[in-house]
Every structure is written in structure tokens, then in C-alpha cells.
Amino acid sequence: MHVEIGELLARFLIGGVIVSFFAVLAEMFRPKSFAGLFGAAPSVALATIGITIAGHGKAYASLEARSMIFGAIAFLLYAACVSWMLLRLKPRALTATVALMPVWFAASCAFWLVVR
Amino acid sequence: MIVHARLSAIKGIKPHEWIIRFAFGGAVCVIAGLIAQRFGPVIGGFFLAFPAIFPAGASLVEAHEEQHKARAGFNGANRGRIVSAIDALGTAMGCIGLAGFAGVLWIWLPRAGLVQTFVLATLVWLTLSVAVWLLCKKRVLHR
């Protein structure tokens, strides 16, 4: 596996800026259900797809995007579970979000088994 | 309730909160790239929708609401949790837009220019997310 340090640095800086930008939008908007939309902003994709295309081409990036559809559905399941858990079981937000992270991994793995 | 933006909310973000978001965001982009390099684009693509910043965001929302209530002399733990749950529900709705964004990239990237594809995908994300939010809002209001 050969990865350029410069590419990693670019990913880190661009990713940090774009994720912070959407986090600021989420902070600004009210009501909070609307602000929550920005929690699922395509920040990682916007930050990295351009670099991916430069390194591997459009076909490679397109294949990544196909998997991203299933990653987004897994994210939907995970976020819905977090919301349900916070309202019903009343844990701290950090506890709920970290404890339910396996939901995203399990759903993603299930989708991967289907699409591979 | 009408959607509105408060620019003053930016002033309330503490330096360490900026750093957490920047560092998490940057780290996820690096990790997504490394996973794609190691395991290929099919597995790597899943991590383009990895909810990495979500736990930090949800706990910051909760903390802000608690502080807001504490300033008014109340215990805001319950309020913080409810607002955090509502925020998470909004994020779940936004995931439909995120899937739409990815769908546009998947179909259009091999056929069209990069800028046009990104603009179209971002518009689809925003339109779908807001449409789903409006639909859910209407359904709740008309119950």
C-alpha cells in the first residue's frame, strides 16, 4: 500500500475545513430537526472525491459512490436508533452515539455482502 | 416553525469545539482514503458516509442546551437529551439526501464533468433533505 504523505495531508486539511463548515451551518440553523440535516452533509465525499479522481480516475470514484449509497442508508438506521435510544432509554448523547456505532458497521457489512 | 439562521451562534462555538470538529473531519477523510487504498473502492465507499463527526456533534448539541438552561437556573440534562434526539432525527432525514448525492455521483461521474456532477449532486442532496424534512414536519403537524 503506497500512500503519499502530501495526499494524506491534503485530505486532512480539506476534510477538516469542509466538515467544520457544515458543523457551523448546523450550529446556526433552527429548529434543531432542520439543523440536524447538516449532520448528514456529504462533507467527507466533497473533501475526498476530487483527490480520488485525480489519483484513480472517475470509474473508481463512481464505484466508491455506489457503496456510499449503502453507507448512507446504514447511517440513516444508525441515526434513527440514536434518536430512539436518547428518547426512550435516556443515556448521555455521547454514550448513545458511541454504543450504537456497531449498527452502522453491521448494516454496512450486510449491504456489502449484497453488493460485492 | 419557520427555519431561520442565527449568525450569533458562531460566536458561541468554543475554540476546542472548532478543533474537535476540524480534527475529526480531517481524520475521517484520511481514514476513508487509507481504507479505500487497502481494501478497494467498494469497501472504501462505505466510509464516505461514515458518521464520524456525529457523536461529537450530538454531544456538543446536548452540552449547549444544558448550558443554555443552566444559565436560566434550570437543570437542562433532560432538555439537552431531547434536543440531541431531535437533531439525530434530522440527521436521519438528511441521510436520504446523502444517498441521493451518492446516487448522482455514481451515475453521472463517468458521463459528465466533475464540477457539473458535484453541483448537481449537492443540489440533489439539499433538495431531497429539505423535502423529506418538510414532509415529516407536515405529517407531524397534521396528526
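What span should the 18 residues of helix α3 (residues 54–71) of chain B have at 1.5 Å a residue, and how far apart are its end C-alpha atoms? The legends below describe close-up views of a predicted model, beginning with this helix.

**Figure 1. Helix α3 of chain B and its surroundings.** The expected span of α3(B) is 26 Å, and its end C-alpha atoms are 26 Å apart, which agrees. The buried residues of this helix are B:Phe54, B:Pro55, B:Ala56, B:Gly57, B:Ala58, B:Ser59, B:Leu60, B:Val61, B:Glu62, B:His64, B:Glu65 and B:Glu66. The cover over these buried residues includes elements of both chains: α1, α2, α4 and α5 of chain A, together with α1 (15–39) and α4 of chain B. After α3(B) comes B:Gly73, which has a positive phi near 90°.

**Figure 2. Helix α1 of chain B.** The 25 residues of α1(B) should span 36 Å at 1.5 Å a residue, and the end C-alpha atoms are indeed 36 Å apart. Buried along this helix are B:Arg21, B:Phe24, B:Gly25, B:Gly26, B:Val28, B:Cys29, B:Val30, B:Ala32, B:Gly33 and B:Ala36. They pack against α1, α3 and α4 of chain A as well as α2 (41–46) and α3 of chain B. The helix is followed by B:Gly40, whose phi is positive, near 95°.

**Figure 3. The contact between chains A and B.** Chain A contributes 73 residues to the contact, and chain B contributes 73 residues. On the side of chain A that touches chain B, the elements giving two or more residues are α1 (5–28), β1 (29–30), α2 (32–35), α3 (43–56), α4 (58–88), α5 (93–99) and α6 (101–115). The largest share of that side, 25 residues, belongs to α4(A). Sorted by class, the side of chain A that touches chain B holds 49 nonpolar, 15 polar and 9 charged residues.

**Figure 4. Strand pairing across the two chains, and the cis peptide bond of chain A.** β1(A) is joined by 2 bridges to strand β1 (residues 4–5) of chain B, and the two strands run antiparallel. Within this pairing, A:Phe29 stands opposite B:Ala5 of β1(B). The peptide bond from A:Arg30 to A:Pro31 is cis, its omega being near 0°. A:Pro31 belongs to the loop between β1 and α2 of chain A.

**Figure 5. The largest nonpolar core.** This core comprises 79 residues, and those with the most contacts inside it are A:Ala72, A:Phe75, B:Cys95, B:Leu98, B:Ala102 and B:Leu105. Helix α4 (residues 77–108) of chain B supplies the largest share of the core, 17 residues. Domain 1 (1–56) and domain 2 (68–116) of chain A both give residues to the core, so it lies between them. The C-alpha centres of these two domains of chain A lie 20 Å apart. In soluble globular proteins, nonpolar side chains tend to be buried together. Setting aside residues up to four places away in sequence, B:Leu105 touches A:Ile49, A:Ser62, A:Ala65, B:Thr117 and B:Ala121.

**Figure 6. The environment of B:Trp133.** B:Trp133 is located in helix α5 (residues 114–141) of chain B. This residue counts as buried because it has 22 C-beta neighbours inside 10 Å, where the cut-off for burial is 20 or more. When neighbours within four places in sequence are left aside, B:Trp133 is in contact with A:Ser33, A:Phe34, A:Leu37, B:Gly90 and B:Met93. Among these partners, B:Gly90 is 43 residues away along the chain, yet the C-alpha atoms of B:Gly90 and B:Trp133 are separated by 7.2 Å.

**Figure 7. Chain A and the loop that holds A:Lys90.** Chain A has 6 helices and 1 strand, in the order α-β-α-α-α-α-α from the N terminus on. Its C-alpha trace spans about 45 × 35 × 20 Å along the principal axes. Of the 116 residues of chain A, 50% count as buried. Contacts in chain A between residues at least 6 apart in sequence include 55% that join residues at least 24 apart. A:Lys90 is placed in the loop between α4 and α5 of chain A. Although A:Lys90 is not a glycine, its phi is positive, about 55°. With 13 other C-beta atoms within 10 Å, A:Lys90 is partly exposed.

How values were computed:
Residues numbered from 1 in each chain as written. Chains lettered and ligands numbered in written order. Predicted model: local features only at pLDDT ≥ 70, side-chain atom pairs only at ≥ 80, totals over all residues. Contact = placed C-beta atoms within 7 Å. Helix = DSSP H or I, 4+ residues; strand = E, 2+ residues; numbered from the N terminus. Nonpolar A, V, L, I, M, F, W, Y, C, P; charged D, E, K, R; others polar. Pairing = 2+ DSSP bridges. Core = buried A, V, L, I, M, F, W, Y, C linked by C-beta atoms within 7 Å. Buried ≥ 20, exposed ≤ 12 C-beta atoms within 10 Å, placed from the backbone. Domains from an automatic or database assignment. Expected span 1.5 Å × (residues − 1).
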